[in-house]
Amino acid sequence: MKDLSRRKLLSMAAVAAAAAPVAALLPETAFGAGGSAPDQSELARQRIQRLHLPNVPLITHEGRYVHFYDDLVKNKIVTLNFFYAKCDEICPLVTANLAKVQKLFGNDLGRKIFMYSFTLKPDEDTVDVIRDYRKTYEARPGWTFLTGKLEDIERLRKGIGFTYPDKAIDSDKTQHIGNIRYGNEPLMLWAACPGMAHTQWVAESISWMMHPEVNRIQAP
């Protein structure tokens, strides 16, 4: 694998949380005639959606057509990661780790937390391929695998920040970042962690999005 040490370094660096962007004012026409302007929090949420959560069309492993923001992410706590089926490097390792993570979620999976995995090679990974790939890892209801048009997948990948600054590396699918992005969309809380981190730590980090008001720092 090319540039392995660089990729590992970037993967570990992704542990830091992604802060929500500052709200940007939208044109008055965006509110519709006679509508009331949203508050600053809603403006910030709209800006995050516009810049980082594109509402691209996708197809699930069940053959169902969905839109990324409206159907998968809006008003939900989610995990997002990328893979491709014929990968002999990081993809099967991260997917196997997520298969362990899903078990730790218990009944919250598909109710409070939704997991989404997107193929990086939609021309190869058809609905049948991702359905079989999903079965290999015994994915439970609440963990959805998706494909779509390459341009839409790329727009999504870049929107949520799974990119390298070097264009040559970024275009090489074997160099893709094996991270997990997770977030609480309505509260605009987003972070990431390495996909190969300890299973229990990954599950606990994601579960923080369910109860962000809880103080987890013990008083001295």
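User: What makes one face of helix H5 the face turned away from its buried side, and which residues does that face carry?

Analyst: In this predicted model, the face of H5 that points away from the buried side carries Lys135 and Thr136, both of them exposed. The buried residues of H5, which spans residues 127–136, are Val127, Ile130, Tyr133 and Arg134. Viewed down the axis of H5, these buried residues fall within an arc of 130 degrees, so they line one face of the helix. In general, an α-helix has 3.6 residues a turn, so residues three or four places apart point the same way.

User: What do the buried residues of H5 pack against?

Analyst: Their partners are strand E1 (57–60), strand E3 (77–83), helix H4 (90–105) and strand E5 (143–147).

User: Why is Thr60 called buried, and where is its place in the chain?

Analyst: Thr60 belongs to strand E1, and its relative accessibility is 0%. Buried means under 20%, so Thr60, at 0%, counts as buried. If neighbours within four places in sequence are left aside, Thr60 is in contact with Val66, Val127, Ile130, Thr144, Phe145 and Leu146. Among these contacts of Thr60 are Val127 and Ile130, which are also listed as buried residues of H5.

User: Why is Glu138 called exposed or buried, and what is noted about its phi?

Analyst: The relative accessibility of Glu138 is 60%; exposed means over 50%, so Glu138 counts as exposed. Glu138 follows H5 and lies in the loop between H5 and E5. Its phi is near 50 degrees, which is a positive value in a residue other than glycine. Asn75 likewise has a positive phi although it is not a glycine, in its case of about 65 degrees, and Asn75 is placed in the loop between helix H3 (68–73) and E3.

User: Which residue takes a positive phi just after H6?

Analyst: Just after H6, Gly161 takes a positive phi, of about 90 degrees. In H6 itself, residues 150–159, the buried residues are Asp152, Ile153, Glu154, Leu156, Arg157 and Gly159.

User: Why is the packing of H4 on H8 called what it is, roughly parallel, roughly perpendicular or oblique?

Analyst: The axes of H4 and helix H8 (residues 199–207) meet at an angle of about 55 degrees and are 9 Å apart. The roughly parallel class takes angles under 35 degrees and the roughly perpendicular class those from 65 to 115, so the angle makes H4 oblique to H8. The crossing in which H4 passes H8 is right-handed. On the H4 side the contact is made by Asn97, Lys100, Val101, Leu104 and Phe105, and on the H8 side by Thr199, Gln200, Val202, Ala203 and Ile206. By kind, the residues of this contact divide into six nonpolar, three polar and one charged.

User: How do you know whether Ala203 is buried or exposed, and what is Ala203 in contact with?

Analyst: Ala203 lies in helix H8 and has a relative accessibility of 8%; with the limit for buried set at under 20%, Ala203 therefore counts as buried. Apart from neighbours within four places in sequence, Ala203 is in contact with Val101, Leu104 and Phe105. Ala203 and Val101 are 102 residues apart along the chain, yet their C-alpha atoms are separated by 5.6 Å.

User: What makes Leu53 count as buried or exposed, and what does Leu53 touch?

Analyst: Leu53 sits in the loop between helix H2 (40–52) and E1, and its relative accessibility is 4%. Set against the cut-off of under 20%, that value means that Leu53 counts as buried. Not counting residues up to four places away in sequence, Leu53 touches Ile48, Phe68, Tyr69, Val73, Ile160, Glu185 and Trp190. Of these, Val73 is 20 residues away from Leu53 in sequence and 8.3 Å away in space, C-alpha to C-alpha.

User: Why is Gly63 placed in the class it has, buried, partly exposed or exposed?

Analyst: Gly63, found in the loop between E1 and strand E2 (65–67), has a relative accessible area of 34%. Buried is under 20% and exposed is over 50%, so Gly63 is called partly exposed. Gly63 and Arg131 are 68 residues apart in sequence, with 9.1 Å between their C-alpha atoms.

Notes:
Residues numbered from 1 in each chain as written. Predicted model: local features only at pLDDT ≥ 70, side-chain atom pairs only at ≥ 80, totals over all residues. Heavy atoms only, no water. Buried < 20%, exposed > 50% of the residue type's maximum accessible area, 1.4 Å probe, protein only. Helix = DSSP H or I, 4+ residues; strand = E, 2+ residues; numbered from the N terminus. Arc of directions from axis to C-beta. Contact = heavy atoms within 4.5 Å. Axes fitted to C-alpha atoms, helices over the stretch in contact; angles between N-to-C directions. Parallel < 35°, antiparallel > 145°, perpendicular 65-115°, else oblique. Left-handed = near helix turned anticlockwise from the far one by under 90°. Nonpolar A, V, L, I, M, F, W, Y, C, P; charged D, E, K, R; others polar.
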